[in-house]
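Reader: Could you walk me through one part of this protein in detail? I would love a close look at a single residue and its surroundings, followed by a few other places worth a visit.

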Amino acid sequence: MAPASPRVVVKVDLKKRPWQQTQPLHNRWHPEIPSVAEVKTGELFRVEMVDWTGGAVKEDGSAGDIKSIDLSTVHYLSGPIKVVDEDGVAARPGDLLAVEICNLGPLPGDEWGFTASFDRENGGGFLTDHFPCATKAIWYFEGIYAYSPQIPGVRFPGLTHPGIIGTAPSKELLRIWNERERQLEEKGVESLTLCEVVHQRPLASLPTTKGCLLGNIEERTSEWERIAKEAARTIPGRENGGNCDIKNLSSGSKIYLPVFVEGANLSTGDMHFSQGDGEISFCGAIEMSGFLELKCEIIRNGMQEYLTPMGPTTLHVNPIFEIGPVEPRFSEWLVFEGISVDESGRQHYLDATVAYKRAVLNAIDYLFKFGYSKEQVYLLLSCCPCEGRISGIVDSPNAVATLAIPTAIFDQDIRPKTRKVPTGARIVKKPDVMKSTYDGKLPIIKNSSSSS
């Protein structure tokens, strides 16, 4: 007998805003957000998701929606989903929740996505000191392939995956998150030398009632106000999984998530059609609405058996990820290297972030020579199947990072070679990404050694 079709446990209506959905969504982590569905181990079930902005970014010819986006509202997650075993006994704190991705993709009728970079003073990003303007590119899907009218001459297969999947934190774990991230914010940038060369802000996204969506908890009640002031933002990945943005978590993958509350309370969202390692533009990857078809297994007492705490409490653990067998296959790559020396020429000590920034900047300036704008390359590297690596972390003082780009995604040969420009050749202006103006006053870095 053929297996039953997956049961839809969370369904979304893309014609409605996130707060209007029949099954309420949420955009915070908190143990008291009630579950909206229950599944049994071994059951195949389907979860639908809106894009991470909940429809705030439009399929149009302007980057104005990116420039003015309210970042207190994102990410919109589907769930929480309570998980019980075949006898109806819920997952318990200390268990591991094994979540298998059986199938996934864009929602039918909504086969498009976007990649963008934020305005420097509203979101910023990895290279916000080089690219302060809000930008946007629209991508369309043809089966497993994506192409963009704003970045012509590029087509690649996507490795679709959820950017966010995680379990609810316990009250104690939530307290740990908020305390350590608040300390970071209170100490300020002066205590962090990396902030002198990587200008992404804020340092942390702390709990706020602004833009808060808490599922079934009635809005603006005293209970809602209390929880909203405690609930953790979904921006970073943490001990519960969350926004880990692992581009290889596609069909056939399995995620082993720590369980901190009764029932685990699994949530997911932030679907990506494709992503480059690091998701460097922050509003990166190819963001889209989508669905996951999942199966869960409960490994009783799995946290103690398989996860070693890397911190002062038994809660300081991290998930384990088993990558599935599905991925695009490329045989030829162009690899760019970076070392931990910043754009001013200052030496940093074994700093992999500075090294990766240099690798990305090297790739952007290189591909600029092949007719692309630097903004086009910045967005492309955030969403194409490029591979980032920490190649060296022990040879003082330089960490070495690399960024490998598959050459087959381009319709031209991008390898270095002897080129002769035909006499009288004309430069044809190509389409570009949508851009907004930058109206801020923060200093911008330009590479004085290259063309602008």
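Author: Happy to help; here is a short tour that begins at one acidic residue and then moves on to some backbone features and a surface patch. Please keep in mind that this is a predicted model.

Let us start with Asp270, which sits in strand β16, a strand covering residues 266–272. Asp270 is buried, yet it has no salt bridge. Where is the nearest side chain of opposite charge to Asp270? That side chain belongs to Arg233, and it is 12 Å away. A salt bridge needs a side-chain nitrogen of Lys or Arg within 4 Å of a carboxyl oxygen of Asp or Glu, so Arg233, at 12 Å, does not provide one for Asp270.

Asp270 does have a polar partner, though: its side chain makes a polar contact with the side chain of His272, at 3.2 Å. Leaving aside residues up to four places away in sequence, Asp270 also touches Trp52, His75, His161, Pro162, Gly163, Ile164, Asn243, Asp245 and Glu287.

One of those neighbours, His75, is worth a stop for its backbone. The peptide bond leading from Val74 to His75 is cis, with omega near 0°. His75 lies in the loop between α1 (64–67) and β5 (77–84). Another cis peptide bond links Ser396 to Pro397, with omega about 0°. Pro397 is likewise in a loop, the one between β21 and β22 (400–406).

Next comes strand β17, which spans residues 282–287. Phe282 belongs to this strand, and its phi is near 75°, a positive value in a residue other than glycine. Ala285 is in strand β17 as well, and it too has a positive phi, about 60°, although it is not a glycine. Are these two residues buried or exposed? Phe282 counts as partly exposed because its relative accessibility is 24%. Ala285 has 0% relative accessibility and therefore counts as buried.

Finally, let us move to the surface. Ile390, Ile393 and Val394 make a nonpolar surface patch of about 310 Å². Of these, Ile390 is found in strand β21, which runs over residues 387–392. Ile390 counts as exposed because its relative accessibility is 58%, and the cut-off for exposed is over 50%.

If you have the structure open, Asp270 and His272 are a good pair to display together, with their side chains in polar contact.

Terms used
Residues numbered from 1 in each chain as written. Predicted model: local features only at pLDDT ≥ 70, side-chain atom pairs only at ≥ 80, totals over all residues. Heavy atoms only, no water. Helix = DSSP H or I, 4+ residues; strand = E, 2+ residues; numbered from the N terminus. Buried < 20%, exposed > 50% of the residue type's maximum accessible area, 1.4 Å probe, protein only. Lys, Arg positive; Asp, Glu negative; His and termini not counted. Polar contact = N/O pair within 3.5 Å; in protein donor to acceptor, adjacent residues only side chain to side chain. Contact = heavy atoms within 4.5 Å. Patch = residues over 30% accessible without salt bridge, like charges linked within 9 Å, V, L, I, M, F, W, Y side chains within 5 Å. Areas by Shrake-Rupley, 256 points an atom, 1.4 Å probe, with all protein chains shown as cover.
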